[in-house]
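Hello,

Here is the structure I promised to pass on to you. Please open it beside this email, and then read on for what turned up in it.

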Amino acid sequence: QVQLVESGGDLVQPGGSLRLSCAASGNIFRTNIMGWYRQAPGKERELVATITSRGRTNYADSVKGRFTISRDNGKTTVYLQMNSLKPEDTAVYYCNLEPPIHYYWGQGTQVTVSL
């Protein structure tokens, strides 16, 4: 059984930083691309960043230069370092495979960027 548990979300001021963590159970990190996704209220869930098992990364244009995805295969954990946060980054952030598997979606972690 695969469990993906996100953590690290918080309320932060514009320009601030957060680091999100996604802890995975199972052997998911050995062969699969991992992704961070986010969903704002009333909006579709969108892909933010991906990382391959070897560490190759890709980012949505909206977060390039501000967010960094990384992974620790030994800890089976993927991270999202978010800097220079903007109000439009406010969303629930999720991790999953890329492409996602429907029943792997977890609770997500809330990121709110506001004064």
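Asn96 is a good place to begin: in this predicted model, its relative accessible area is 0%, so the residue is buried, a word that applies under 20%. Asn96 belongs to strand E9. A polar atom of the Asn96 side chain sits 3.1 Å from the backbone oxygen of Ile101. If you leave out its neighbours within four places in sequence, Asn96 is in contact with Leu4, Ile33, Met34, Gly35, Tyr37, Ile101, Tyr104 and Trp105.

What about the rest of that strand, is it covered or not? Strand E9 spans residues 91-97, and seven of its seven residues are buried. Two strands pair with E9, as follows.

- Strand E4 (residues 34-39) pairs with E9 in the antiparallel sense, over six bridges. In this pairing you can look for Gln39, which stands opposite Val92 in E9.
- Strand E10 (residues 109-113) pairs with E9 in the antiparallel sense too, over three bridges. Here Ala91 has Val111 in E10 as its bridge partner.

From E4, have a look at Gly35, which lies in that strand. Gly35 counts as buried because its relative accessibility is 0%. Setting aside neighbours within four places in sequence, its contacts are Leu47, Ala49, Thr50, Tyr94, Cys95, Asn96 and Leu97. Asn96, where we started, is thus one of the residues that Gly35 touches. Gly35 and Thr57 are 22 residues apart in sequence, and their C-alpha atoms are 9.5 Å apart in space.

Cys95, also among the contacts of Gly35, brings us to the disulfide. How many disulfides does the model contain? The count comes to one. This disulfide joins Cys22 to Cys95, with an S to S distance of 1.8 Å. Cys22 lies in strand E3 and Cys95 in strand E9, so the pair ties together parts that are 73 residues apart in sequence. The torsion about the S-S bond is about 65°, which means that the disulfide is right-handed. Both Cys22 and Cys95 are buried.

Next comes the nonpolar core. In soluble globular proteins, nonpolar side chains tend to be buried together. The largest nonpolar core in this model has 28 residues, and Trp36, Leu80, Met82 and Tyr93 are those with the most contacts inside it. Which elements give two or more residues to this core? They are strands E3 (18-24), E4, E5 (46-51), E7 (67-72), E8 (77-82), E9 and E10. Met82 is worth selecting in your viewer: beyond its neighbours within four places in sequence, Met82 is in contact with Gly16, Ser17, Leu18, Leu20, Arg66, Phe67, Tyr93 and Val111. That list includes Tyr93, another of the residues with the most contacts inside the core, and Val111, the bridge partner of Ala91.

Last, a loop residue. Thr52 lies in the loop between E5 and strand E6 (57-59). Is Thr52 buried or partly exposed? With a relative accessible area of 21%, Thr52 is partly exposed, because buried means under 20%. Not counting residues up to four places away in sequence, Thr52 touches Ile33 and Arg71. Thr52 and Met34 are 18 residues apart in sequence, and 6.4 Å apart in space from C-alpha to C-alpha.

Happy exploring, and best wishes

Technical notes:
Residues are numbered from 1 along each chain as its sequence is written. This is a predicted model: local features need pLDDT of at least 70, side-chain atom pairs count only at pLDDT 80 or more; totals for chains, interfaces and linings use all residues. Side-chain values use heavy atoms; hydrogens and water are left out. Buried means under 20% relative accessible area, exposed over 50%, partly exposed in between (1.4 Å probe, protein chains only). Helices (H or I, at least four residues) and strands (E, at least two) are DSSP runs, numbered from the N terminus. Two strands pair if DSSP finds at least two bridges between them. A polar contact is a pair of N or O atoms within 3.5 Å; within protein, one must be able to donate a hydrogen and the other to accept it, and residues adjacent in sequence count only if both atoms are side-chain atoms. Contact means heavy atoms within 4.5 Å. A nonpolar core is a set of buried Ala, Val, Leu, Ile, Met, Phe, Trp, Tyr and Cys residues joined through side-chain atoms within 4.5 Å. A disulfide is a pair of cysteine sulfur atoms within 2.5 Å.
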